[in-house]
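Biologist: Could you take me through one part of this model in detail, namely a single helix and what packs around it? I'd like one connected account rather than a list.

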Amino acid sequence: MTVPAATRPADPPPDLPKLTLVLGGARSGKSRYAEQLIGARPALYLATGEAHDAEMAARIRQHQKRRGANWTTRDVPLALAYALKLADRPVLVDCLTLWLSNLLGAGRPVDAEIETLVGALGRVSVPVIFVSNEVGLGIVPDNTLAREFRDHAGRLHQAIAAVASRVVFVAAGLPLTLKDIE
C-alpha cells in the first residue's frame with residue numbers, strides 16, 4: 001500500500017538540525033517521515049534490524065525499495081556509537097528499539113550502552129535522525145523481559161530527547177513536533 005501524496009508531510013526545510021528523534025507506534029509512518037527529512041541528499045542509513053525470519057526480511061526489503069540511490073546502508077545491530085563516529089554525511093538510524101532488543105539479546109549492559117551512545121552524539125559532526133518505536137503508551141506487559149524492555153526504551157528515548165534539537169511524534173502518518181530548538 002502506498003500513502004497518497006496529499007497525506008504525506010510537506011517537504012522539510014533544506015537544513016537538518018544536528019539531532020532529531022522521530023518516535024511513533026508500529027506502522028505509524030515514522031520511518032517514511034524520517035526518510036523525507038533527508039530528502040535527495042546523500043545519506044547514510046544505519047540499519048539496526050536483522051532478518052531473523054521471512055516477515056522481517058520482507059520489512060527490510062520494503063524499506064530498502066522505498067529509499068533512493070542517495071542512500072548508503074550499513075548494518076549496525078550493536079556498535080551504533082562507533083558507527084556514528086565514522087559518519088561523513090547525514091545519518092538516519094532505524095531504529096533505536098531494535099538496537100535495544102539486540103543489546104538485550106546479546107546480554108550487553110543496556111544502561112552503559114545508552115550512556116556511550118549519548119556521549120558519542122556530542123562528537124558526531126553530521127546531522128543524525130533517530131527513529132524509534134514508542135512502546136510506553138499501551139498496557140503494562142505481563143512478563144519481566146517485556147517490562148524491562150519497555151522501561152529501557154523509555155529511558156533511552158528520554159536520554160536522546162534531552163540532547164536532541166528536534167523531537168517529532170508520528171501517528172497515522174502525521175508528524176507532531178514535541179521539541180524544536182534551532
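Modeller: Happily! Let's take helix 4 (residues 96-105), whose axis comes within 10 Å of that of helix 6 (residues 144-163), the two crossing at roughly 130 degrees. Axes here are lines fitted to C-alpha atoms, for helices over the stretch in contact, with angles from 0 to 180 degrees between N-to-C directions; helices (H or I, at least four residues) and strands (E, at least two) are DSSP runs numbered from the N terminus. This is a predicted model, in which local features need pLDDT of at least 70 and side-chain atom pairs count only at pLDDT 80 or more, while totals for chains, interfaces and linings use all residues. Residues are numbered from 1 along each chain as its sequence is written, and side-chain values use heavy atoms, leaving out hydrogens and water.

The pair is therefore oblique (under 35 degrees counts as roughly parallel, over 145 as roughly antiparallel, 65 to 115 as roughly perpendicular, and the rest as oblique). The crossing of helix 4 with helix 6 is right-handed, that is, the near helix is turned clockwise from the far one by less than a right angle (anticlockwise would be left-handed). From helix 4, L96, T97, W99, L100, S101 and L104 make the contact, and from helix 6, E148, F149, H152, A153, L156, H157 and I160; contact means heavy atoms within 4.5 Å. By class, eight of these residues are nonpolar, four polar and one charged.

H152 of helix 6 deserves a closer look. This histidine is buried, with a relative accessible area of 8% (buried is under 20%, exposed over 50% and partly exposed in between, with a 1.4 Å probe and protein chains only). Setting aside neighbours within four places in sequence, H152 touches L100 and L104, and also V110, D111 and I114.

Helix 5 (110-121) is another partner: its axis and that of helix 4 come within 10 Å and cross at roughly 140 degrees, which makes this pair oblique. The crossing of helix 4 and helix 5 is right-handed. Here L96, W99, L100, L103 and L104 of helix 4 meet V110, E113, I114 and L117 of helix 5. This contact has eight nonpolar residues, no polar ones and one charged.

Within helix 4, L96, T97, W99, L100, N102 and L103 are buried. Their cover includes strand 1, helix 3, helix 5, strand 5 and helix 6.

At its ends, the helix has two backbone features to check. C95 lies in the loop between strand 4 and helix 4, and the peptide bond from D94 to C95 is cis, with omega near 5 degrees. On the other side, helix 4 is followed by G107, whose phi is positive, near 70 degrees.

Now for the wider setting. The largest nonpolar core has 32 residues, of which L80, L84, L117 and F130 touch the most other members; a core is a set of buried Ala, Val, Leu, Ile, Met, Phe, Trp, Tyr and Cys residues joined through side-chain atoms within 4.5 Å. Helix 4 is one of the elements that supply at least two residues each, and others include helix 3 (80-85), strand 5 (128-133) and helix 6. Helix 5 gives the largest share, five residues. Leaving aside neighbours within four places in sequence, L80 contacts L96 and W99, along with L46, V93, L117 and F130. Apart from this core lies another, of 16 residues, and C95 is among them, as are L16, W71 and I129.

Conventions. Nonpolar A, V, L, I, M, F, W, Y, C, P; charged D, E, K, R; others polar.
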